[in-house]
Amino acid sequence: MAKPDDRSDNAEKIQNAIQNTKQNMAETNQYLDEHADEISGKENRQLEHKNEKRKAAIRGLADELQDEQ
């Protein structure tokens, strides 16, 4: 028998995902600030691109959070 679909904590899980993603962005920005002169331009662009993808993910998660509330 399949498990019942319990979505009672979806909003909390989404909020946690948003917070974790924001933390990852902050850590990446801090790394870029501290090591800008040590990393290659390519690595810099890759990390900035990753943060752009994270911003898009946060927007999607925020929309999902609104749907859950």
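Let me start with N29, which at 38% relative accessibility counts as partly exposed, and which has its place in helix α1. This is a predicted model, so please hear every value I give as computed from predicted coordinates. From N29 we can already look across to another part of the chain, since N29 and E48 are 19 residues apart in sequence, while their C-alpha atoms are 8.3 Å apart in space.

One step back along the chain from there, let me turn to T28, which also lies in helix α1. Is T28 buried or exposed? At 10% relative accessibility T28 counts as buried, because the cut-off for that label is anything under 20%. If we leave aside its neighbours within four places in sequence, T28 is in contact with L47, N51 and R54, and those three residues are themselves listed among the buried residues of α2.

That brings me to the two helices as a pair. Helix α1 covers residues 10-35 and helix α2 covers residues 41-68, and their axes come within 9 Å of each other and cross at roughly 160 degrees. Angles over 145 degrees count as roughly antiparallel, and α1 and α2 are therefore described as roughly antiparallel to each other. As for the sense of the crossing, α1 passes α2 in a left-handed way. Sorted by class, the contact of α1 with α2 has twelve nonpolar, eight polar and seven charged residues.

Now let me take each helix in turn, beginning with α1. Its 26 residues should span 38 Å at 1.5 Å a residue, and the C-alpha atoms at its ends are 37 Å apart, which agrees. Which residues of α1 are buried? They are N10, I14, I18, T21, M25, T28 and L32, and these buried residues pack against α2. It may help to recall that an α-helix has 3.6 residues a turn, so residues three or four places apart point the same way.

A17, which lies in helix α1 as well, counts as partly exposed at 26% relative accessibility. The C-alpha atoms of A17 and G60 are separated by 11 Å, although the two residues are 43 residues apart along the chain.

Turning to α2, this helix has 28 residues and reaches 40 Å from its first C-alpha to its last, close to the 40 Å expected at 1.5 Å a residue. Its buried residues are L47, N51, R54, I58, L61 and L65, and what covers them includes α1.

From that list I would like to pick out L61, which is found in helix α2 and is buried, with a relative accessible area of 18%. What does L61 touch, not counting residues up to four places away in sequence? The answer is I14, A17 and I18, so here we meet A17 again, as a contact of L61. With I18 we can also give a distance, for L61 and I18 are 43 residues apart in sequence and 6.7 Å apart in space, C-alpha to C-alpha.

Finally, let me set beside L61 another residue of helix α2, namely D63, which is partly exposed, with a relative accessible area of 47%. The C-alpha atoms of D63 and H35 are separated by 34 Å, and these two residues are 28 residues apart along the chain.

Methods:
Residues are numbered from 1 along each chain as its sequence is written. This is a predicted model: local features need pLDDT of at least 70, side-chain atom pairs count only at pLDDT 80 or more; totals for chains, interfaces and linings use all residues. Side-chain values use heavy atoms; hydrogens and water are left out. Axes are lines fitted to C-alpha atoms, for helices over the stretch in contact, and angles run from 0 to 180 degrees between N-to-C directions. Helices (H or I, at least four residues) and strands (E, at least two) are DSSP runs, numbered from the N terminus. Angles under 35 degrees count as roughly parallel, over 145 as roughly antiparallel, 65 to 115 as roughly perpendicular and the rest as oblique. A crossing is left-handed if the near helix is turned anticlockwise from the far one by less than a right angle, and right-handed if clockwise. Ala, Val, Leu, Ile, Met, Phe, Trp, Tyr, Cys and Pro count as nonpolar, Asp, Glu, Lys and Arg as charged, and the others, Gly among them, as polar. The expected span of a helix is 1.5 Å times one less than its number of residues. Buried means under 20% relative accessible area, exposed over 50%, partly exposed in between (1.4 Å probe, protein chains only). Contact means heavy atoms within 4.5 Å.
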